[in-house]
Amino acid sequence: MDIIRSISEMQQRVVAARAAGQTISFVPTMGFLHQGHLSLLDEGRKRGDLLVLSIFVNPAQFGQGEDFDDYPRDLQQDSQMAQDRGVDIIFAPEAAQMYPTGYATYVDVEGISENLCGTSRPGHFRGVCTVVSKLFNIVQPHTAIFGNKDFQQLAVIRRMTRDMNMPVEIIGLAIFREPDGLAMSSRNVYLTPQLREQALVLSQSLVVAREMVASSETESATIISRLREMIRRQPDARIDYIQICHQLTLEDQAHVDADSVLLLAVYIGNTRLIDNGFLEPGHD
Ligand code: AMP
């Protein structure tokens, strides 16, 4: 496995691989790998001859006062995990190479990126779409693999890829959870044992909402207000949003149907956690 830091070297490697007839699969991450990331790598390993993992904590997708500086980083541990998983190349560029002085080009996806995290993190998806576009141009993958954990991010990237005619197949994989239900996240490392316990309220909200739907409750407002009550009982929880949206448009829905996804963002202490899931059975 190689670790490549230079953009031009990365481009040369994939151009040579493509010329030799190899397919390229790609898993973009911010590192500090956990089993959720590893499930993406396993899928990538199956789908490409050359598996590229990028590790880049992208400053453009963090807002003022967010955790860019504190975001956990451990390239050595990540390299070991990646190697064990059969990664061929880790691409880990420096921010100064990705955004040199005078950098001026950004990618904005309208509409679908404006609700949910787009409202509470202005500029976040612009940063995400910009870096993913750049990474696609650098790595030139046939297939790129993302997690449903970041449901809106995946929807925005699918839209961007389609709108911009990017020749990349986008694959979305199920949320990988701890045995007690907590969605795996690099940010879980911020949680003390007490906060970790309270963080279960996110996945429990999904369970409760699904139970309500199974017993014929279809009013989104009723479901959301029950979840609000439940989350507010946790002393260190602060709700950013709880919404029920259509899986494709991400517009709010007044009534639950087969396309409804519950999406939540909740601060547990200072840590902002997200989770989501379909409300009707039949999805993963
Ligand atoms: P991140 O490093 O957190 O930006 O995530 C990189 C990729 O891993 C994104 O496509 C995420 O959606 C995905 N991912 C993060 N956590 C999980 C998880 N628990 N299960 C599945 N995929 C995940």
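Colleague: Which atom of the ligand does a backbone N or O atom of Met184 lie close to, and how far apart are they?

Modeller: In this predicted model, a backbone N or O atom of Met184 lies 2.9 Å from a nitrogen atom of the ligand.

Colleague: And what is the distance from a polar backbone atom of Phe176 to the ligand?

Modeller: A polar backbone atom of Phe176 is 2.8 Å from a nitrogen atom of the ligand, and for Gly147 a backbone N or O atom lies 2.9 Å from a ligand atom, which in that case is an oxygen.

Colleague: How much of the ligand's accessible area does the protein cover?

Modeller: On its own the ligand has 480 Å² of accessible area, and the protein covers 93% of that.

Colleague: How many residues surround the ligand, and which are the closest?

Modeller: There are 17 residues around the ligand, and the closest are Met30, Gly147, Asp150, Phe176 and Met184, so three of the residues we have just discussed, Gly147, Phe176 and Met184, are among the closest ones.

Colleague: What classes do the residues of that shell divide into?

Modeller: The shell around the ligand holds nine nonpolar residues, six polar ones and two charged ones.

Colleague: Which helix or strand gives the most to the shell?

Modeller: Helix H2 gives the most, with three residues, and H2, which spans 35-47, is joined by strand E2 (24-29) and strand E5 (143-147) as elements that each supply at least two residues of the shell.

Colleague: Changing topic, where is Phe32, and what is its phi?

Modeller: Phe32 is found in the loop between E2 and H2, and although Phe32 is not a glycine, its phi is positive, at about 55°.

Colleague: What about Gln140, where does that one sit and what is its phi?

Modeller: Gln140 has its place in the loop between H6 and E5, and its phi is near 50°, which is again a positive value in a residue other than glycine.

Colleague: Since you mention H6, at what angle do the axes of H1 and H6 cross?

Modeller: The axes of H1, residues 7-19, and H6, residues 124-139, cross at roughly 55° and come within 7 Å, and the two helices are therefore oblique to each other.

Colleague: Which residues meet there, and what classes are they?

Modeller: On the H1 side Ile7, Met10, Gln11 and Val14 meet Asn137, Ile138 and Val139 of H6, and by class this contact has five nonpolar residues, two polar ones and no charged ones.

Notes
Residues numbered from 1 in each chain as written. Predicted model: local features only at pLDDT ≥ 70, side-chain atom pairs only at ≥ 80, totals over all residues. Heavy atoms only, no water. Near = heavy atom within 4 Å. Polar contact = N/O pair within 3.5 Å; in protein donor to acceptor, adjacent residues only side chain to side chain. Areas by Shrake-Rupley, 256 points an atom, 1.4 Å probe, with all protein chains shown as cover. Helix = DSSP H or I, 4+ residues; strand = E, 2+ residues; numbered from the N terminus. Nonpolar A, V, L, I, M, F, W, Y, C, P; charged D, E, K, R; others polar. Axes fitted to C-alpha atoms, helices over the stretch in contact; angles between N-to-C directions. Parallel < 35°, antiparallel > 145°, perpendicular 65-115°, else oblique. Contact = heavy atoms within 4.5 Å.
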